[in-house]
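I opened this notebook to record what I looked up, one topic at a time, for someone who has not met this structure before.

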Amino acid sequence: MELFDLLKALILGFVEGMTEFAPVSSTGHLIIVDDMWLRTSEFLGKYSANSFKIFIQLGSIMAVIVVFWKRLFSLVGLYKMKDTTPGSQLKLTHVIVGLIPAGILGVLFEDFIDEYLFSVETVLVGLVIGAILMIVADKFGPKVPKTQTLDQITYKQAFTVGLVQCLSLWPGFSRSGATISGGVLFGMSHRTAADFTFIMAVPIMFGASFLTLMKNWEDIDPNHLSFYIVGFISAFVFALISIKFFLKLIGRVKLTPFAIYRLVLAAVLFVIIIL
């Protein structure tokens, strides 16, 4: 593996880490950067390149575990959260309920998504529609949300957020953009919706990464292992930075500025494509 190739892995890890938890679509940005400039499929192969994009998400998820370890451990009984009312604490069952819709659809349509939806054109569509949903959430969500903390989330809210999360199966839509928008529309504060989004990300992204890697294991060349490792470490470091920054930002600026960025990016992509 040449140094220039490893630099590509570092860049893609940076893109993944910085965009995974912002509502701008990390998958969409990876497809744009890779398909239009880096072209890793030329030396990794199509399916291995797609697997790499999924694999480095594990680096981002490790960053979530570092930031939210107390809350995650509390879900499985390994840590007791302070200042929570008995019987009202967020439970593992809330997370499971939120994961069911997208988990089922993801398994059913995995092959279709891998084969037909990983393109710049589909990302452009996802960027625009996702931006509209985010603007709608900011405009029509309750001015004073009833759900201000994770421990106030109901099973109904968890399930409805899970339904909205299904939209993120379309590359470019953004899982965090969909789930935060859904949470806000159904009564959560922006920060609470973001926290719930990050917590749900751990099992669903681990599951998606595991299934994809098992499916495409034979397409991964051992000679490319260093490429995967560099991408993983890069994604972890930059995700750690972006998570802490985003959590401080989301309560103040909300979703509309990110939606505007998505629309501008979609416009630039459209011009590039038609030219």
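My entries on one helix and on some aromatic rings follow.

I note that this is a predicted model, in which local features need pLDDT of at least 70 and side-chain atom pairs count only at pLDDT 80 or more, while totals for chains, interfaces and linings use all residues. Residues are numbered from 1 along each chain as its sequence is written, and side-chain values use heavy atoms, with hydrogens and water left out.

I looked up helix α7 (helices being DSSP runs of H or I, at least four residues, numbered from the N terminus), and found a kink of about 65 degrees centred on F109, the bend being the angle between axes fitted to the seven residues ending there and the seven starting there. Buried residues of α7, meaning under 20% relative accessible area (1.4 Å probe, protein chains only), include H94, G98 and I113.

I then searched for aromatic pairs, which for Phe, Tyr and Trp (its six-membered ring) need centres within 6.5 Å, with planes under 30 degrees apart counted as stacked, over 60 as edge-to-face and the rest as tilted; the whole structure holds 12. The rings of F52 and F227 are tilted, because their planes stand at 50 degrees, with centres 4.6 Å apart. This pair links helix α4 to helix α12, across 175 residues, and both F52 and F227 are buried. F55 and Y228 also form a tilted pair, at 5.3 Å and 55 degrees, and Y228 is buried at 4% relative accessible area. I finally noted that F43, F52, F55, F227, Y228 and F232 form one aromatic cluster.

How values were computed. Helix = DSSP H or I, 4+ residues; strand = E, 2+ residues; numbered from the N terminus. Buried < 20%, exposed > 50% of the residue type's maximum accessible area, 1.4 Å probe, protein only.
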